[in-house]
Every structure is written in C-alpha cells, then in structure tokens.
Amino acid sequence: MAQGVKRLRNKSILSRARIDAALFAVFEYPLTILEAPMGYGKTTAVKLFTRNQSVRSFWFTFSDLSHSEAAFWDSFADDIMEMDKQAGIALKSLGLPADAPQMERVLRVLGRVKFEEHYLMVLDDYHLARDAHLNSVLLRLAQEELEGLSILLVTRDTTGLDFVELLSRGQCCLLPRQLLKFTEDELGDYCRLMQKHISEEDLNQVWQHTDGWISFAYILLLGLENGIPVGMNTNVESMIERALFARYDSSMQDFLLRLSIMEEFTAEQAAMVTQAEDAPRRLKLLNMENAFVFYEERTGKYHIHQVLLNYLRLKRPFSGEELRTLYGRLGDWLLSSQEFLPAYRYWNQAGRVEDILSHLNDPKNIRNQWLDFDGADEMFDRAPRQLLFQYPFAYLLHIFYSILLGKENTILSWSERLDELKRYYTEQEGLDQVYRNRIFGEILIVRKFTLFNDVAAMRASDQEIFRLLNGQNSYITLKDNEFTFASPHYLYLYYRDRGGLKKLVELLSADVGYAKFSGGCGTGSDALAPAEYALETGELNNAATHCRRAIAKAESMRQVCVAICARFSLIRLHLAEGKVTEALRMLDQMGYDVEKENRAILNTTVDLCKGYVLACLGQPERIPVWLQTGELRGTDFFSQGIAFSYIVYGKTLLALGKYAELEARIEQFEAYFSVFSNRLGFIHNRIFEAATRSHLYGPQNGMPFLKAALREAEDDNLVLPFAESAPHILGMLRQIAKENPDNEFVNRILALSRNYETVAAGLSRPTVTLSQRETDILSLAAMGLSRKEMAARLYISEETAKTHFKNIYQKLGVNSKVSAIKLAQDRGYLSKAET
C-alpha cells in the first residue's frame, strides 16, 4: 500500500504551558474567541487544555453541511439533559432561538440549570456556522454571564460576529493567531519530539521557513524523514505532494482523493462512498502514520485536517461524472441514516434531481422542513418542467412552502405554475382517475394559499377539494401545520373589507372544509369566528357559549392555537363583564398549560394575549418584556401574529404613557397592517393616533382621528376596541356622544367604556421599588462589570450579588440581566448614559 513511508512520532503532542495559561481566560470571561488561520494548531491546543482541566466540556464541530446550527442545538440540549432532564427537553423543543420571546424562554430555562463549577462550551470551526441567529444567541448568553457557563469559539474568521461591545465591556477575550504561533524554542522542542536526532541546521531551516506555523513544520519534518531536505521547496502544496501524498501507492492515493468529498466520516461510510472494502484497515493505517487524518473517539468519526483536505480537493483528477457518482453515494449513505437534508444536498450535487423528487413525492416523506436544503430553490427553478410534472406532490410541496415563506418566483408566478401543472394532468390520457383527482385536489389546496385572507375565494373550492380527495387527508397540508401564525385573534387575520365582517363570519362559521382534508388542522375555528364576532360587537351574552364550543372542538384534535384564541376571547369577555380576578386567573392558567407544550410559536401567542389584556387593565409592568421594549422585527412577521404584535405593542406604549414614542411608530404600524389589509389593525391604529394626539396636543387634536376610527368601525358595529382603550379616549368619546346624543353606536361604546373605566380604577398599579443596592448592582451590570467585579466594587460577596440579581429579576418580572437593564432604563430606574 505504502512505498516505505517513514513514520514520524506524529501522535505525540507538545504541551505548551504558555498556551494553557492563555486559555485559562475561558474561566475569566463568559466568551473567549480563539482566531487563527488553518494549520495553527487551534483545535489541538484546546483539546489538550480541556483534557488537562477538571471541567465538564461540551464540544461541537461545525461543518459545511447545511443546518449544522440545528444539529449543534440538539447536541447541546442532549448534553444539558444529562444534568437537568427537564431543561434539556425544553431546550430541544424550543429550538435555536430565532426571536426575542423565544430567547427569553431559553434564558429562563438555562437560568434554572445548576451548571457544575465550570461548564465549557467549545464550538470548533465556528467560521462554518452561517446562521445569524446563532451569533445573536451566543452573544446574548455571554452578556447574561450565566453562572458556571463559559463559551469558547475556535474559528478562522470573526467576520459577522459583532463582539466589539462585549470586548469593550470586558465580557469577551480575543486570543489572536500570534498567540498560537510556535516560538523558536517551542518549535525546537516539537521537532526534537518528532525527530530525536534532527540537526541544528535543519532546526534553523524549519524555523526560517515556517515562522512558527506548526502544520507546515510538520510537513517539512515529514519530508525530511523521507529524504527531502528542508528548503528544497517551500510551497505547502508541493511539500504535501512530495513528503506525504507521493509516498503512498496509487490505490491509497485514490482512496484519499475519494475521501476528500467528506470532512468527517465513519469507517463504514468511507467504505460505501469510496467502494473500498478494506476502508477500515486503510483508515487505521492513515490514522497511525499521518497526523492529518485522525480519529475522534467522542464521535466515532475520522477527520481530515483542512490543510490536507484543501490539497486533495485541488488534486482531485475525477471527471464530473466520477464526482457525481461519489456525491450520489454520500447522499445514499446519509439517506439511509435518515439525514434527509444533507442527503438531498449531495444528491443535488450528484445531479440526481429525479431521486430527490421521487423521495419527496412519497406521501410519508412530505414535510415542509425537508425542502430547506442547500440549493433547493435553484434545483426546482432549473429542473425541466416536464420532470417536475412527473412528481406532482414534490413539486406542489415546493410551491406550498415557497408561498408560506413569501418567496416569489421570477420565471412564473405560483398561480401560473399551478395552472401549468393542472393543464398537464388534464391532457394526460389513460391516467387513473383517482390519482388524477388527488393531484387536482392538492392543486386546489395549494392555490388557496395564493389567496390568503380572501376567505370567500379560499373557501370556494372546499367542496370540490373534498370530492376530489374522496374524503381523505391532503398530502400537502397536515394536522400540525400552523393555523393562526401566532395571532391570538382569528378574525383579525381575515377581516379586510370594511362593512364585510358579518359576511366573513358567516363564511368562517360554515363547516370547516380545510379541517376535513388536513387531518383536523383548524378544528374549532368555525365556533371561534362567531365567538370573536359577538365579543367585538358587544353581544356579550352570545360569546361564552361559542368560546367553550371552540375550545372543546379544538382540544379534540389538539389544535392548541385555536384553543388559545378561544380562551383569549373568554378572558376579554370576563374583563368586559368586570370579572377581573377570573380573567387573570384564566390568563395565568393558560400560560402554564401552554408552557408545557414547549412550542415557541404557541408561547409567543400567549405572550400576545398577556400583553393585550394587561395593557387593557393598565398593568404594563407585567407585560412580557419584549413587548414593553419593542423587540419586534419585520422578519418575525409570520411568527408574531401577522402584525397583531404591533397592536399589542401600541397598547403597551399607551399603558406606559409613552405617547411620543407611539406617535413616531404609527406610520410603521400602518405599513405592517397594510400587507394583508388587516382592518382591525387599522382601527386600533386610528385609536392610537387619537389617543396620542389628545395627550400630546390636546383633545381637539385627537378628536378628528377618533371620529374617523368610529366611522370606519360603525359599518361593522365594532365596539370593543374602543371600550378596551377607554382610559385613553373616554373624554373624547363623551364629547362625541354629547354632540351626537342619538347615535346608538357611540352610546353603546360609551356604556361599555364606563365599565372598563370602573375596572381600571379599581386596580392598583403595581409599584416596583428597587433598593439602592439593587440599583447600584444594575448600574454596574449596565456598565459591563462581571458579578465578581461588582462584588469587589461594592465590598460584598459574589453570592450576595447573585441574590440581588434574583430579587431584581423577580421585581421586574424578567428572566435575564439584559432584559432587566433594558426595562430599568425604559422605566427610568437607570439612565441610558450608564451603559
């Protein structure tokens, strides 16, 4: 196999006390970043350091595979599960945080974990992590300084990682590549460790040619061992060629080249991909005599060092067809391991588009998430339309997923693509009619989503879909699909036409065809629509029965989002009836029940319920902190109620008395409500504008806007949005009623508003008082001091500082240090200049 390759003692590792001392920074800072190009011994140095420390370490190596970030989070949750089973399960269910409410819940879970004295999270090859959300999560964890948790990023590049603020606050330590460069003495020790009898002249040559770059030094020593003088060639690729690669026979060379399509692999995987039956033996030999191929006991996988991997990939002599064969085998292996996304990616690189379509076309494999592989959109755009037509369910799933994500097709609109597909199957002769009907039914289902929130158009095809599917469930829309997009208000999503609310409710109250062919998704919404209508129009006597019927139906099919909407309506009904205690009890119970589901979008829905109700009661201090501080982004549009979050944020600003800030936001709110013409959003926004102008510039400035809102709402008899805002607009309402004494609509609003005024007046607004010591602690935290530094500054123990933080969190109703600082600044307990 090998032509007498002489072996260095390549598994010997030089211990460098200087590096170990520098790496002790991981215990002094919440975040440490070790940055250096490949070949500087980053990973080896950290492995040696962790091996010599009595700490629990969690190690994850990123790869160029898509979704390695999700794999990291699952692995992290698994590791936490070994310390705290409940916390690990919660973290896995919540997933990698993508928005503020999800981050708050993750911090709450992690805050309860009792980490051992030191828990070191090592993220190797972090430059391959491409999810901006992950950057934000790690930076936030560092800001929180969770007791016992330290994070070490090992990376070639810090571009995109905004750690400057943490660095300036002393919460981050950057270890540069100069640290890892071997000194002349260290390099001499390493060379003697590898070659006991190396001459001083060769030592000097190695130092001059490498300048402390250890991987190149290893290659030079390998060449020297095999008779290649140092300095004969200082090109890394040439040295790898002569000192390492050329010493193997053609069979081993071909094996290495075939392995190079992978970064990590098991022996069995290598055997399948390379078609070398003796792959396990070859790998053991490479591992023994070549430091660039190594076995990781923890994962049971072999790795090729990036220096050698780059050389092999440049060297590969394979034709395009040979490469595609290798990629195809790798895809086959990954598919057999149920790793669908990377399997599809490699099949795509292999040109096996039809295999991907065939696999996705199988109803048991139809899941939205399987379409999120690298190159998916390009593959569907590039594939011949005739090929896509052969796999209609895979093609329809792509169109459906693209519509849900708001993607636009530059070639044909999604509706035009659906028309094409229908024409094709209409013209096919001799086709089984049941199969043809199934395709036509799925086309109609997907087409419904091109008409989103035009209920009449969406519902028009329900009976035909049911007939075409012959009463069976859809392959495309599933029971667990999201039904309300985190909105706690069903009618809000679909009410768009002024004067058309009653007709809309009649449509939505009809038999829910969608639930019939989607396995029950949306069950209970037919009862929910009239419940919300009765509530919004002030017909309070009719609301409760519909709400309870909606809850019963929704729970029969585990439609938690529908049940949340119905309970939200019941809670608002209790408020309108003056039953505040019952409303708050029900709100707390709903939060407790939904928390056990561990689904981020459901948690967000409950947060929106809490924010809305507590703002109506004039209790903004208890509203979830992300809604108080306005941590809303346009990118969260579909996961925060399709802009319903902006109604809640607006009500929160009103309750906090932040009229100038709300005035500045009204135009932005209008833009978000305009995306799907959410009529309730527009009405609430008019109320916000009336209230802010009245408080800022006097009632006469607010009156025109309130009158405009009333005119718009009167066409649909909407009274509750005004009554729920009573404390902010009641004076103007009285004046309008005085001017129009016979206006029954305004008089009904005024009567309901008095109830709310009475309820709000009967509640004492909770007062939060931070002690001087707590204010001092929070001020120092805002300046970036660690708990240890705060304790030293204030002459208290770290444990006392920790206790102060717990008290602060409890008083402010938050789960994290960053949220506590934001909220304290927001309420004026701290000045923003203190940060």
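Colleague: Before we look at the cysteines, what counts as a disulfide?
Modeller: Happy to start there! A disulfide is a pair of cysteine sulfur atoms within 2.5 Å. Keep in mind that we are looking at a predicted model. The cut-off to remember is 2.5 Å.

Colleague: Which cysteine sulfur is closest to that of Cys 173, and how far away is it?
Modeller: A bond would need the two sulfur atoms within 2.5 Å. The sulfur of Cys 173 is too far from its closest cysteine sulfur for a bond. That closest sulfur belongs to Cys 172, at 7.0 Å.

Colleague: How many disulfides does the count come to?
Modeller: Cys 172 has its closest cysteine sulfur in Cys 173, 7.0 Å away, so the gap is too far for a bond. By the 2.5 Å rule, the count comes to 0 disulfides.

Colleague: Is Cys 172 buried or exposed?
Modeller: Buried means under 20% relative accessible area. Cys 172 has a relative accessibility of 4%, and Cys 173 is buried too, with 13%. So Cys 172 counts as buried.

Colleague: Let's turn to a sheet. Which strands are at the edges of the open sheet β6-β8-β7?
Modeller: This open sheet has 3 strands, and the pairing is antiparallel. An edge strand pairs on one side only. The edge strands are β6 (264-265) and β7 (293-296).

Colleague: Which residue in β8 stands opposite Glu 296?
Modeller: Strands β7 and β8 (residues 301-304) run antiparallel and are joined by 4 bridges. Opposite Glu 296, in β8, stands Lys 301.

Colleague: Now for two helices. How are α45 and α46 oriented to each other?
Modeller: Helix α45 (residues 798-812) packs against helix α46 (residues 817-826) with the axes 10 Å apart, at an angle of about 55 degrees. Angles under 35 degrees count as roughly parallel, and 65 to 115 as roughly perpendicular. The angle of about 55 degrees fits neither range, so the two helices are oblique.

Colleague: Which residues in α46 are met by Phe 805, Ile 808, Tyr 809 and Leu 812?
Modeller: Those four residues are in α45, which passes α46 in a left-handed crossing. On the α46 side they meet Lys 817, Ala 820 and Leu 823.

Colleague: One last stop: is Ser 677 buried, partly exposed or exposed?
Modeller: Ser 677 is found in the loop between α37 (659-674) and α38 (679-697), and its phi is positive, about 50 degrees, although it is not a glycine. Buried means under 20% relative accessible area and exposed means over 50%. Ser 677 has 29%, so it is partly exposed.

Key: Residues numbered from 1 in each chain as written. Predicted model: local features only at pLDDT ≥ 70, side-chain atom pairs only at ≥ 80, totals over all residues. Heavy atoms only, no water. Buried < 20%, exposed > 50% of the residue type's maximum accessible area, 1.4 Å probe, protein only. Pairing = 2+ DSSP bridges. Axes fitted to C-alpha atoms, helices over the stretch in contact; angles between N-to-C directions. Parallel < 35°, antiparallel > 145°, perpendicular 65-115°, else oblique. Left-handed = near helix turned anticlockwise from the far one by under 90°. Contact = heavy atoms within 4.5 Å.
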